[in-house]
Amino acid sequence: ATAQIGVTGLAVMGRNLARNLARNGFTVAVHNRSEARTRDLVDGFGDEGSFVPAYSAEDFVASLERPRRLVVMVKAGGPTDAVIEEFAPLLEEGDVIVDGGNAHFLDTRRREAELRERGIHFVGAGVSGGEEGALNGPSIMPGGSAESYRSLAPMLERIAARAPDGTACVSHVGPDGAGHFVKMVHNGIEYADMQLIAEAYQLLRSVAGYSPERIAETFRSWNTGRLDSYLIEITAEVLAHRDGATGEPFVDVVQDRAEQKGTGRWTVQTALDLGVPVPGIAEAVFARSLSGGAELREASRALPGPVPAPLGEEEAARFADRVEQALYASKLVSYTQGFLQIAAGSAEYGWDVDPGAVAALWRAGCIIRAAFLDRVRDAYAARPDLPSLLSDDAFAEEMGRAQEDWRHVVATAAAQGVPTPGFSAALAYYDALRAERLPAALVQGQRDYFGAHTYRRADREGVFHTLWAGDRSEERVDG
Ligand code: NDP
C-alpha cells in the first residue's frame with residue numbers, strides 16, 4: 001500500500017480533485033468504472049504528481065494506506081450507492097469513505113448510519129466551485145464523525161481554496177448529513193443571488209434604459225464595493241460579451257429559459273418540511289420554472305399592462321444607485337433566510353452547526369464567494385446567539401439606509417410592469433419581520449370559523465374557540 005488517498009470516479013470533478021491532491025504532494029490512487037478515464041488521467045497528467053492507477057476495486061483498495069481514505073466522485077443517487085456497495089465489503093474498521101458528489105443530505109444520513117454499523121466512517125462532503133474549483137481549490141463542506149475529519153483534515157486543508165486571510169475553506173460542519181445540507185443551502189442561496197442580480201439587470205435595462213455594456217460597467221463598479229463577489233464579476237463578463245456570429249450582445253441571443261439541476265428545488269422542499277420560510281430561494285426556483293414555460297408565456301403575451309418608459313440620463317443614474325441598494329438589501333435578506341434554514345436543520349438533526357464557520361467556508365472557492373461573507377462570519381463570531389443576520393447592528397443599520405431606495409425600486413418595478421419576484425419577496429419578508437401585527441390573526445379567525453381549529457388570545461393564556469354557527473360566544477377548550 002503506497003497511496004495516502006484514493007479517488008474513484010474520474011469524470012471532470014474526480015479527475016481534477018485527484019490532480020489537486022497530487023499537485024499538493026499526496027500520492028493518489030485513481031480508479032474509475034470504465035478504465036479509459038483512469039488511463040487518460042495518468043497519460044495526460046501523470047507528470048503532475050504521484051498517481052497509482054488501479055483497474056479493479058480490489059487493486060484500488062489494496063493500494064491505500066490504512067486507515068484507508070477513499071473519495072467517491074460519481075453521479076449522485078443510485079450510482080453512489082452502487083459504488084459504496086462495491087467498496088464497503090473490501091474495507092476494514094476505521095476506514096473512511098468520502099462522498100464528494102452532490103448527494104441529498106437524507107441519503108447521506110442513511111449511508112452514514114449503515115456504514116457506521118459496519119465500522120466504516122462515511123463523510124458526506126459538499127464540494128463547490130465546479131471543475132475549476134476542484135482543480136485549484138474548492139470550498140469543502142465535510143460532514144461525518146469528528147474522528148474521520150481529523151484523519152482527512154491535513155489533506156483537505158491543503159487542497160481547499162484559501163480565503164483572503166489565508167485560512168483554508170474547509171472545516172468540519174457537523175455529523176452525518178450536515179455537510180451536504182450546508183452545500184444544498186449554499187446552492188439555494190446561489191439561485192437567489194443569481195435571480196436578484198438578474199432582476200437588477202432587467203431594471204437597469206428596462207427602466208434605466210441602459211445597454212448591456214453599460215450595465216456591465218455598472219456591475220463592475222458595484223464589484224469594487226460591498227457587493228464585491230464572484231457572481232457580480234462574472235455577470236459583468238457575460239453582459240459585456242458579444243455574440244461572434246451576429247455581433248449582438250450575447251444576452252440578447254440566448255433563449256430566456258433558465259434551466260436547473262435540482263439543488264435549489266431540494267433547498268425549498270427541505271425548507272417546507274422544516275417550516276422555515278425561504279421565499280428568496282423559492283422565488284428564484286419558481287422564476288426559472290416560469291421562464292421555461294414557453295407555451296404559457298406565449299399564450300399570455302397579450303395581457304394588458306404598462307410598457308416600461310426608460311428614464312432620462314440623470315434620473316437613470318440615480319435609479320441605478322437605488323437598484324444597488326435594493327440588490328444589497330435583498331441579498332442580505334436571502335442570506336438571512338439561508339442561515340435560518342441551516343439553523344433549523346441543525347436543530348432538527350442535532351448537528352450543532354456553527355453559522356459563522358459556514359460563512360467562513362464560503363469566502364473562497366465556491367460560487368457564492370464574496371467579500372460580504374467576512375462580515376457574516378464576524379457578525380456570528382461577535383454574537384453566536386444572533387437570532388438572524390438582520391439582528392446584527394451593522395447589517396440592521398445598512399438596511400435602514402437602503403430601505404427607502406429599495407421600496408422605490410420595488411414600487412417602480414410594479415408601476416412599470418417589470419417582474420421582480422426576488423426584490424419584492426425580500427421586501428415583504430423584511431416588512432413582515434418588522435410588523436407589530438400581522439394579518440395572521442385574521443387567518444386564525446378564518447380557520448376557527450370553518451374548521452374549529454381554535455386560536456390563542458393576545459390578552460390571556462389558553463386555547464379558544466368561538467361558536468361561529470351558534471351564538472358566537474367563546475369557549476376555552478384547553479383543560
Ligand atoms: P458525473 O456526475 O457526470 O458522473 C460521471 C462519473 O460517475 C463517471 O466517473 C462515471 O463512470 C461514474 N458513474 C456513473 N454511474 C456509475 C456507476 N453505476 N458505477 C460506478 N461509476 C459510475 O461527473 P462529474 O465529475 O460532473 O460530477 C461528479 C459528482 O460531483 C456528481 O455527484 C456531481 O453532482 C458532483 N459535483 C459536480 C460539480 C460540477 O461542476 N460538475 C460541482 C460539484 C459537485 P464511467 O466513466 O464509467 O461512466
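## A cis proline in a loop

Proline 67 sits in the loop that runs between α3 (57-62) and β4 (69-72). In this predicted model, the peptide bond leading from arginine 66 to proline 67 is cis, with omega near -10 degrees. Most peptide bonds, by contrast, are trans, and most residues other than glycine have a negative phi.

## Two residues with positive phi

Aspartate 352 has a phi near 60 degrees, a positive value in a residue other than glycine, and is placed in the loop between α15 (313-349) and α16 (355-361). Because its relative accessibility is 70%, aspartate 352 counts as exposed.

Threonine 454 also has a positive phi, in this case near 70 degrees, and is likewise a residue other than glycine. The loop that holds threonine 454 lies between α20 (440-451) and β8 (455-456). With a relative accessibility of 21%, threonine 454 counts as partly exposed, since the class of buried residues is reserved for values under 20%.

## The ligand and its surroundings

The ligand is surrounded by 19 residues, of which the closest are Met13, Asn32, Ser34, Arg37 and Val74. By class, this shell comprises 10 nonpolar, 6 polar and 3 charged residues. Two helices, α1 (12-23) and α4 (78-87), each contribute at least two residues to the shell.

Several contacts involve oxygen atoms of the ligand. A polar side-chain atom of arginine 37 lies 2.5 Å from an oxygen atom of the ligand, and a polar side-chain atom of arginine 33 lies 2.9 Å from an oxygen atom of the ligand. In the case of alanine 76, a backbone N or O atom lies 3.4 Å from an oxygen atom of the ligand. On its own the ligand has 890 Å² of accessible area, and the protein covers 77% of that area.

## Buried polar residues in α1 and α4

The helices α1 and α4, which each supply at least two residues of the ligand shell, also hold buried polar residues. Asparagine 20 is found in helix α1 and is buried, with a relative accessible area of 3%. Leaving aside residues up to four places away in sequence, asparagine 20 touches Gly133, Ala134, Leu135, Asn136, Gly137, Pro138 and Ile159.

Threonine 80 belongs to helix α4, where its relative accessible area of 1% makes it buried. Again not counting residues up to four places away in sequence, threonine 80 is in contact with Val74, Lys75, Asp99 and Arg111. Val74 appears here as a neighbour of threonine 80 and is also one of the residues closest to the ligand.

## Nonpolar cores

In soluble globular proteins, nonpolar side chains tend to be buried together. The largest nonpolar core of this model has 80 residues, and the members that touch the most others are Phe219, Leu327, Trp362, Leu389, Trp406 and Phe423. Helix α8 (residues 178-206) provides the largest share of this core, with 14 residues. Apart from this core lies another, made up of 29 residues, among them Ile5, Ala22, Val30 and Ala134; Ala134 is also among the residues that asparagine 20 touches.

Within the largest core, tryptophan 406 offers a detailed view of the packing. Not counting residues up to four places away in sequence, tryptophan 406 touches Ala326, Ala329, Ser330, Val333, Met399, Phe423, Ala426, Leu427 and Tyr430. One of these contacts, Phe423, is itself listed with tryptophan 406 among the core residues that touch the most other members.

How values were computed:
Residues numbered from 1 in each chain as written. Heavy atoms only, no water. Core = buried A, V, L, I, M, F, W, Y, C linked by side-chain atoms within 4.5 Å. Buried < 20%, exposed > 50% of the residue type's maximum accessible area, 1.4 Å probe, protein only. Helix = DSSP H or I, 4+ residues; strand = E, 2+ residues; numbered from the N terminus. Contact = heavy atoms within 4.5 Å. Near = heavy atom within 4 Å. Polar contact = N/O pair within 3.5 Å; in protein donor to acceptor, adjacent residues only side chain to side chain. Areas by Shrake-Rupley, 256 points an atom, 1.4 Å probe, with all protein chains shown as cover. Nonpolar A, V, L, I, M, F, W, Y, C, P; charged D, E, K, R; others polar.
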